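Dear colleague,

I am passing the structure below on to you, and the notes that follow it set out what was found. Please read them with the coordinates open beside you.

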Amino acid sequence: MEIDPEVACPIAPVVDIVFSRWTTPILWSLNEYGRQRFVELERRITKITPKVLTQRLRQLERDGLVIRTYHPEVPPRVEYEISELGRSLAPLFATLADWATLNLDKVADARQDYDAR
């Protein structure tokens, strides 16, 4: 009998939306620093390519987590900001940051112990 992963783990869709490789740093940056232009995000999130940043921003806008504002100026200006829906994830990120502070050393120790066997 096959079980739908979303039924077995109801947070699976949230994990798919929020915790892809570049989504979390983008949301974190927008939440932490406010409205930003593409280049500002690119500078803050090192190692992300412009293509991937564009793709992730489009997906986040589609998911309702990011708001894109186009200013028809010369040259045109585009800004990104976290939406209310995206901002509602802040407590989750804060909890995960606290967990990381308390437990990542333990995870590293467990990995070292495991690899030594």
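A residue is called buried here when its relative accessible area is under 20%, exposed when it is over 50%, and partly exposed in between (1.4 Å probe, protein chains only). The model is a predicted one, in which local features need pLDDT of at least 70 and side-chain atom pairs count only at pLDDT 80 or more, while totals for chains, interfaces and linings use all residues. Residues are numbered from 1 along each chain as its sequence is written, and side-chain values use heavy atoms, with hydrogens and water left out.

By that scale F93 is buried, at a relative accessible area of 6%, whereas F19 is partly exposed at 31% and W28 is partly exposed at 40%. These three residues make up one aromatic cluster. Rings of Phe, Tyr and Trp (its six-membered ring) pair if their centres lie within 6.5 Å, and planes under 30 degrees apart count as stacked, over 60 as edge-to-face and the rest as tilted. Searching the whole structure gives two aromatic pairs. In one of them, F19 and F93 meet edge-to-face, with 6.3 Å from centre to centre and 75° between the planes. Since F19 lies in the loop between α2 (12-18) and α3 (23-33) and F93 in helix α7 (residues 90-116), this pair ties together parts that are 74 residues apart in sequence; helices (H or I, at least four residues) and strands (E, at least two) are DSSP runs, numbered from the N terminus. The rings of W28 and F93 have centres 6.3 Å apart and planes at 50°, so this pair is tilted, and it links W28 in helix α3 to F93 in helix α7, 65 residues apart.

The contact between those helices (heavy atoms within 4.5 Å) brings T24, L27, W28 and N31 in α3 to A90, F93 and A97 in α7.

Two backbone features also deserve a look. Most residues other than glycine have a negative phi, and most peptide bonds are trans. K47, which is not a glycine, has a positive phi of about 80°; K47 is placed in the loop between α4 (38-44) and α5 (50-62) and is exposed, at 75% relative accessibility. The peptide bond that joins V74 and P75 is cis, with omega about -10°, and P75 lies in the loop between β2 (66-71) and β3 (77-82).

With best regards
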